[in-house]
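Reader: I have a model open and some questions about its packing and its charged pairs. Can we take them one at a time?

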Amino acid sequence: ITIVSEVNAYRFSVIEEAVAMHLCEVVACSSTFELRSFAMDALIYFMPLSLLKSETSRKFGQLPMSSPASDPNDAFSVVPISFESMSGESYQSGESSQDELQLLKMLCQTIQSTNQTETANTGLNALRVVLEGAGHSLAGENLVIVVETLSVLSGGDYFHNGSDNSIDRSTKAWANASAIAFQNLKLIVDDFLEPQSADDELRLKSFSAREAILDCCVSFGKSQHDINTSLTSIGMLWSLADQDSTPGTLDLVLSKLAYLALDNRAEVRNCSVNTLFSCVVGLGDQFSNDQWEKCLNKTILFGIMKHMSSAINGTNGDSLKQNESNESQRYKVSVHHSRDSASKQWSTTLVLALRGLERVLRLFFCRLLRKSIEVSQHSNQHREVWLMTTWKEILRMSFDCVCISGERETLDLRLAGIELITLCSQVSCKAGIGAATNTARVGTNMEVVGGALRSVRAATTVGDRNQGSLCSTPIEPEVDQLRHIFFDLAFSKLVDFRTYLESFKGCNIHDIE
């Protein structure tokens, strides 16, 4: 079979499916290691023929390139057929013969369906050789097939695409296969997503390829094999958003990060929350009004932060603790008493989310204020500005964090809550956040020179650091009126906090906790 395939390399697409099925069957089912190795080497050898079809194969397809010689005494002699004589018989091959890579497809199906870790490792190593040699030529459905195969081997429970779900790849035996699969994914993301030339299109522009790659990153983020792999895959989501910052990709990346922000492992949650807000802060200038509304209301406030609050209050505490106890961890470390329970770890994650909201409001409050007013004015329906709902929810959630019961392990959460309320009052005041961030300095403009105190410079005034920001420019009456409403709401929460503190006058400090 190998010799026949090599001789017919110029029209390999004719026999590609039959050769692929046989070689993959040998790789998956043979009991002899030498035979499996030979079949895998043959797959690797013929893969370039499948990926890079020759011009002759594209032009003449299944037509023969030679014919038997007329000499009856020489049965094995052949005469080449000239291209000119075949010009009228050109074979018009369909799209499937050019686009479907049967050899690659069969290899990926073998990797997905095998229940032998050794076969999966060998197949993934072969796939890496293919990617290193011709990964730049993968696109469309062929790229999707490869990425879906890596998702199945990740060991996470996020991806299912008709593969054999009875195979539990989250066990320790599949850890090596997951590591090799992640190396292949990293190779694709780092080297083969960028266009090779100005005429090539970014591979993430394809919806199917973009969805498959993002799902694969989430699968490795959910994988229980190695925490470092999960954290790296979260960083890859941010890299993908930087490569393609179109609304479709950004919305998908934020939704994937929000999903990982609710993982049962504190390290994965915290990394996802930080990455989510870093992505919003870094790319927020490109957000439309609809994207801001979806990001703040659906993804952050009524999404991850609501779930975190319920977890802290004990709604999901037992199940999280049970999952952590059953998890097979690679490294056993001691946990500080302030982080030794699920609710305490969820409190730390919520603190990061509150700090992330502070970053967003510091940079984009004035922009959000104007955008929400513009949308409300152009809308035919007289409905409440969407930012008003967001503002009220931020204040409500922050005040709930301030009033949460607990000992010193909830101190950071209470501080983060009151600091966010204070920030809301500052950014919505007339002077803006710049007035609060400028430090008052007293200077005499004098200096000791030669043992005597002398005036060395003229008096200078410290200017507003945010002089070039949106808040420093004159604002419209409608915007100023809405800002005033926001300030009243935020300041009323500060008054409520003062009332809350005064209610504990005369109480023992331990009773307050």
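Reader: Which residues are linked with Glu211 in a network of salt bridges?

Author: A caution to begin with: this is a predicted model. One link of the network is the salt bridge between Lys256 and Glu211. The network also takes in a further acidic residue. Linked with Glu211 are Asp215 and Lys256.

Reader: How far apart in sequence are the parts that the pair of Lys256 and Glu211 ties together?

Author: The closest N and O atoms of Lys256 and Glu211 are 3.9 Å apart. Lys256 lies in helix α12 (residues 247-260), while Glu211 belongs to helix α10. The pair therefore ties together parts separated in sequence by 45 residues.

Reader: Lys256 and Glu211: which one is buried, and which is partly exposed?

Author: The cut-off for buried is under 20% relative accessible area. Glu211 has 22%, so it counts as partly exposed. Lys256 has a relative accessible area of 7%. The buried one is Lys256.

Reader: How many residues of α10 are buried?

Author: Helix α10 covers residues 207-222 and has 16 residues. From first C-alpha to last it reaches 22 Å, close to the 22 Å expected. The helix is mostly covered. The buried count is 13 of its 16 residues.

Reader: Which helix holds both Asp480 and Arg483?

Author: Asp480 and Arg483 form a salt bridge, with 3.0 Å between the closest N and O atoms. They sit three residues apart, about one turn of the helix. In an α-helix, residues three or four places apart point the same way, because there are 3.6 residues a turn. The helix holding both is α20 (residues 477-502).

Reader: Asp480 and Arg483: which is buried and which is partly exposed?

Author: Asp480 has a relative accessible area of 30%, so it is partly exposed. Arg483 stands at 9% relative accessibility. That is under the 20% limit for buried. The buried partner is Arg483.

Reader: Is Arg498, which forms a salt bridge with Glu502, buried or exposed?

Author: The closest N and O atoms of Glu502 and Arg498 are 3.1 Å apart. Both residues lie in helix α20, four residues apart. Glu502 is partly exposed at 37%. Arg498 has 58% relative accessibility, so it counts as exposed.

Reader: Which helix gives the most to the largest nonpolar core?

Author: The largest nonpolar core has 119 residues. Among those with the most contacts inside it are Leu153, Trp292 and Leu357. The helix that gives the most contributes 15 residues. That helix is α16 (residues 342-378).

Reader: How many residues are in the second, separate core?

Author: Its members include Phe399, Val402, Ile421 and Phe497. The core is separate from the largest one. Its size is five residues.

Reader: Which residues are in contact with Leu357, leaving aside its neighbours within four places in sequence?

Author: Leu357 is one of the residues with the most contacts inside the largest nonpolar core. So are Leu185, Met305 and Trp391. The contacts of Leu357 beyond its sequence neighbours are Phe277, Leu296, Ile300, Leu301, Met305, Ile394 and Leu420.

Reader: What is the angle between the planes of Trp391 and Phe486?

Author: Trp391 lies in helix α17 (residues 386-402) and Phe486 in helix α20, 95 residues apart. Trp391 is buried at 1%, and Phe486 is buried at 0%. The pair is stacked, with 5.0 Å centre to centre. The angle between the planes is 10°.

Reader: Which residue joins Asn297 through a side-chain polar contact?

Author: Asn297 is placed in helix α14 (residues 289-312). It is buried, with a relative accessible area of 10%. Beyond four places in sequence, Asn297 touches Phe302, Gly303, Trp386 and Thr390. The polar contact, at 2.4 Å, is with Thr390.

Reader: What separates the C-alpha atoms of Leu482 and Ile373?

Author: Leu482 is found in helix α20. At 7% relative accessibility it counts as buried. Leu482 touches Ile373, and also Leu369, Ser372, Val385 and Met388. Leu482 and Ile373 are 109 residues apart along the chain, yet their C-alpha atoms are separated by 8.4 Å.

Note on methods: Residues are numbered from 1 along each chain as its sequence is written. This is a predicted model: local features need pLDDT of at least 70, side-chain atom pairs count only at pLDDT 80 or more; totals for chains, interfaces and linings use all residues. Side-chain values use heavy atoms; hydrogens and water are left out. Helices (H or I, at least four residues) and strands (E, at least two) are DSSP runs, numbered from the N terminus. The expected span of a helix is 1.5 Å times one less than its number of residues. Buried means under 20% relative accessible area, exposed over 50%, partly exposed in between (1.4 Å probe, protein chains only). A nonpolar core is a set of buried Ala, Val, Leu, Ile, Met, Phe, Trp, Tyr and Cys residues joined through side-chain atoms within 4.5 Å. Contact means heavy atoms within 4.5 Å. A salt bridge is a side-chain nitrogen of Lys or Arg within 4 Å of a carboxyl oxygen of Asp or Glu. A polar contact is a pair of N or O atoms within 3.5 Å; within protein, one must be able to donate a hydrogen and the other to accept it, and residues adjacent in sequence count only if both atoms are side-chain atoms. Rings of Phe, Tyr and Trp (its six-membered ring) pair if their centres lie within 6.5 Å; planes under 30 degrees apart count as stacked, over 60 as edge-to-face and the rest as tilted.
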